Amino acid sequence: MAREARGSVAAGSLKHAAASRAPVIFLGPAGAGKGTQAARLADRLGVPRISTGDMLRDALAAGNAVGRAAAPFLERGDLVPDEILIGMIRERIADPDCAKGYVLDGFPRTLPQAEALEQMLGAVASSCVVLNLEVPRDELLRRLSGRGRDDDRGQAVEHRLQDYEDQTRPLVDFYERRGRLHRVNGFRPMDAVSADLQRIVEARG
Ligand code: AMP
């Protein structure tokens with residue numbers, strides 16, 4: 001086999017190996033259907049779904065150091081400081097069940113978190129697939145006010161959507177510039193959204 005051909009086969013399989021370990025990242029505001037779609041996709045791929053919201057609620061219930069540090073922010077419906085989230089994710093993705101990839105639901109939510117994740121992933125970062133679930137604001141408000149969790153009420157709903165606009169929306173550009181962003185219309189029947197997401201992820205090779 002010619003030297004270049006061997007080189008490109010090796011590069012191809014390296015790329016494949018990186019893709020099979022790379023995370024799928026969900027963006028999108030509260031109410032966009034991230035949790036449900038992330039769980040379905042993770043099931044389908046046979047990889048863990050990592051929800052930072054669930055991890056923080058578990059830490060709070062357990063009363064451990066992370067839970068105690070996060071408590072005042074969770075109570076106010078504010079984003080929890082980046083250092084806490086970054087430390088939590090760094091540990092979690094080192095677990096053996098993440099070796100063949102994972103689905104991130106709720107992280108990153110700020111630019112410093114996205115930058116920290118790039119560093120953690122190294123060469124694998126370029127194989128990430130980023131899915132942005134798009135749902136019109138009126139529909140988000142309708143869905144969230146019908147959901148009934150304490151932090152989903154009235155002003156709290158507005159507050160969370162505003163945080164999304166201020167802190168998380170810039171990640172759409174961040175990932176678009178890196179050519180990893182896929183926009184998906186989330187204002188459709190759940191199965192149609194799932195089918196699109198699956199197609200996008202499978203197309204990455
Ligand atoms: P979620 O269930 O994803 O809506 O998350 C619930 C709450 O956990 C959020 O309102 C934030 O207070 C906190 N949280 C979850 N993920 C993050 C993150 N990546 N950065 C900061 N705070 C987070």
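# Exercises on a predicted model

Helix 3, residues 52-62, contributes four residues to the shell around the ligand, the most of any element. The model is predicted, and the exercises below start from this shell.

**Exercise 1.** Describe the shell around the ligand by residue class, and name the residues that come nearest.

Solution. Step one is the class count: the shell holds six nonpolar, four polar and four charged residues. Step two is the ranking: of the 14 residues around the ligand, Thr-52, Asp-78, Gly-106, Gln-113 and Arg-160 come nearest.

**Exercise 2.** Find polar contacts of the ligand with Arg-57, Asp-78 and Gly-106, then state how much of the ligand is covered.

Solution. A pair of N or O atoms counts as a polar contact within 3.5 Å. Begin with the side chain of Arg-57: one of its N or O atoms is 3.0 Å from an oxygen atom of the ligand. Next comes the backbone of Asp-78, where a polar atom lies 2.7 Å from a ligand oxygen. At Gly-106 the partner is a nitrogen atom of the ligand, 2.8 Å from a polar backbone atom. Finally, the protein covers 93% of the 480 Å² of accessible area that the ligand has on its own.

**Exercise 3.** Locate the cis peptide bond that involves Pro-108.

Solution. The bond joins Phe-107 and Pro-108, with omega about 0 degrees. Pro-108 itself sits in the loop between strand 3 (103-105) and helix 6 (111-121).

**Exercise 4.** Work out the strand order of the open sheet and its edges.

Solution. Five strands are arranged in the order 2-3-1-4-5, with parallel pairing. The edges are strand 2 (49-51) and strand 5 (181-185), each of which pairs on one side only. On average, neighbouring strands are turned by 25 degrees against each other, direction ignored. Now take one pair: strand 4 (residues 129-134) and strand 5 are joined in the parallel sense over five bridges. Within strand 5, Asn-185 is the bridge partner of Glu-134. Last, helix 10 (residues 190-202) lies across strand 1 (24-27), strand 4 and strand 5, and runs at about 160 degrees to strand 4.

**Exercise 5.** Describe how helix 8 and helix 9 pack.

Solution. Two packed helices are described by the angle and the distance between their axes. For helix 8 (residues 154-168) and helix 9 (residues 170-177), the angle is about 35 degrees and the axes are 5 Å apart. Helix 8 makes the contact through Tyr-164, Glu-165, Asp-166, Gln-167 and Thr-168, and helix 9 through Pro-170, Leu-171 and Val-172. By class, this contact has four nonpolar, two polar and two charged residues.

Methods:
Residues numbered from 1 in each chain as written. Predicted model: local features only at pLDDT ≥ 70, side-chain atom pairs only at ≥ 80, totals over all residues. Heavy atoms only, no water. Near = heavy atom within 4 Å. Polar contact = N/O pair within 3.5 Å; in protein donor to acceptor, adjacent residues only side chain to side chain. Areas by Shrake-Rupley, 256 points an atom, 1.4 Å probe, with all protein chains shown as cover. Helix = DSSP H or I, 4+ residues; strand = E, 2+ residues; numbered from the N terminus. Nonpolar A, V, L, I, M, F, W, Y, C, P; charged D, E, K, R; others polar. Axes fitted to C-alpha atoms, helices over the stretch in contact; angles between N-to-C directions. Contact = heavy atoms within 4.5 Å. Pairing = 2+ DSSP bridges.
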